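Work through the exercises below with the sequence and the model open. Each task is followed by a solution in steps.

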Amino acid sequence: MTTQAALSGKVALVAGATRGAGRAIAVQLGAAGATVYVTGRTTRERVSELGRATETIEETAELVDAAGGTGIAVPTDHLEVERVRDLVASIDRDHGRLDILVNDIWGGNRLLDFSTKMWEVDLDRGLRMLDLGVRSHIITSSIALPLLVREPGGLVVEVTDGTARTNKEFRENFYYDLAKNGPIRMAYILGEELKSVGGTAVAVTPGFLRSEEMLDTFGVTEENWRDGITKERHWALSESPVYIGRGVAALAADPGRHRWNGWSLDSGQLAREYGLTDVDGSRPDVWGYILAERAGAEPALDGYR
């Protein structure tokens, strides 16, 4: 388990921390004592193209503070190079270091149509998914890594959907498949490049995430989320964002984390490795269940929670 002071003195940037996994990761890094820069496009004054005014980066920063860390909200569109340069320059000016970079930028779910072939997808919609899920990560890493590698031991976390193993199967949409496999490959490549400076890069994925947006999609709340199982049986293995947040914080605090360099890890694997549970004390493993199904088994849902 991650202790309160495990990341004391460390500086983190969670790019894409407005809601969901990014917000939870930021809060759990704060709970371990880190100073956490949280970025996104939705603020109390301005709402991004997603149209969700219910979650803001200022609120995320306040949650980091309440957890015991120091949260710093910086409105940033990570596709705007100069905005990212300004962000990293401010981190350098105020702290002179960056220990943890989490790339959780996305926001492309509204563009998804799983029933459409590649040649039937509007090209602008498809390329926008790649901008959000790949290009934004590249821009952020390119600009932030010179600061992160200034000291040995830096950590890059690429947040995506699925692991290298699970994503060998078709992800049902050409552009989504590329957008979610890209960060896995980025983590592997960066892991190779960071070896010489004592750094580590990994890709991580939550399972069936009960994000704010997904709870709304299922018409439930965190309190009655089980009502959604009637709509989708895999929802029985869903997890709160805290689960992946705890896993990433434990990884960041692990002095032996370099053993994972270049890997893609899921929330269930992190939970088993570090002795973690979700907020309800369970240990959901939807990816393990899906792999068992693909292998031809008929696993019991309750065996993976």
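**Exercise 1.** Locate E172 in the secondary structure, and state its exposure class and the sign of its phi angle.

Solution. Step 1: E172 sits in the loop between β5 and α5 (174–194); helices (H or I, at least four residues) and strands (E, at least two) are DSSP runs, numbered from the N terminus. Step 2: the relative accessibility of E172 is 46%, which counts as partly exposed. The classes are buried under 20% relative accessible area, exposed over 50%, and partly exposed in between (1.4 Å probe, protein chains only). Step 3: the phi of E172 is positive, about 75°, although E172 is not a glycine.

This is a predicted model, in which local features need pLDDT of at least 70 and side-chain atom pairs count only at pLDDT 80 or more, while totals for chains, interfaces and linings use all residues. Residues are numbered from 1 along each chain as its sequence is written, and side-chain values use heavy atoms, with hydrogens and water left out.

**Exercise 2.** Describe the secondary structure, overall dimensions and burial of the chain.

Solution. Step 1: count the elements; the chain has nine helices and seven strands. Step 2: compare the radius of gyration with the globule rule. The chain gives 18 Å, close to the 19 Å that the rule gives for 305 residues, so it is as compact as a globular protein of that length. The radius is taken over C-alpha atoms, and the rule is 2.2 Å times the number of residues to the power 0.38. Step 3: along the principal axes, the C-alpha atoms fill a box of roughly 55 × 45 × 40 Å. Step 4: 56% of the 305 residues count as buried.

**Exercise 3.** What share of the contacts between residues at least 6 apart in sequence joins residues at least 24 apart, and how many positive and negative side chains does the chain have?

Solution. Step 1: contact means heavy atoms within 4.5 Å. Among contacts between residues at least 6 apart in sequence, 70% join residues at least 24 apart. Step 2: the chain has 34 positive and 45 negative side chains. Lys and Arg count as positive and Asp and Glu as negative; His and the chain ends are not counted. Step 3: the centres of the two sets lie 2 Å apart, with each charge placed at NZ of Lys, CZ of Arg, CG of Asp or CD of Glu.

**Exercise 4.** Which residues touch the most other members of the largest nonpolar core, and what surrounds V64?

Solution. Step 1: a nonpolar core is a set of buried Ala, Val, Leu, Ile, Met, Phe, Trp, Tyr and Cys residues joined through side-chain atoms within 4.5 Å. The largest one has 37 residues, and L29 and V36 touch the most other members. Helix α7 (residues 241–253) gives the most to this core, with seven residues. Step 2: another core, of 30 residues, lies apart from it and includes L13, W106, L147 and A179. Step 3: leaving out residues up to four places away in sequence, V36 touches A12, V14, A26, L29, G30, V64, T70, G71 and I72. Step 4: V64 belongs to helix α2 (residues 57–67) and is buried, at 0% relative accessibility. Beyond four places in sequence, the contacts of V64 are A26, V27, G30, V36, V38, G69, T70 and G71.

**Exercise 5.** Is L155 buried or exposed, and how far is L155 from T200 in sequence and in space?

Solution. Step 1: L155 lies in strand β5 (residues 155–159). Step 2: L155 counts as buried, at 0% relative accessibility. Step 3: L155 and T200 are 45 residues apart in sequence, and their C-alpha atoms are 4.9 Å apart. Step 4: outside its neighbours within four places in sequence, L155 is in contact with D99, I100, L101, L148, T200, A252 and R257.

**Exercise 6.** Where do H137 and K10 lie, and which exposure class does each have?

Solution. Step 1: H137 is part of helix α4 (residues 123–148) and is buried, with a relative accessible area of 1%. Step 2: among the residues that H137 touches are N103, D104, E158 and M186. Step 3: K10 is in the segment before β1 (11–15) and is partly exposed, with a relative accessible area of 32%. Step 4: beyond four places in sequence, K10 is in contact with A34, T35, R97 and D99.
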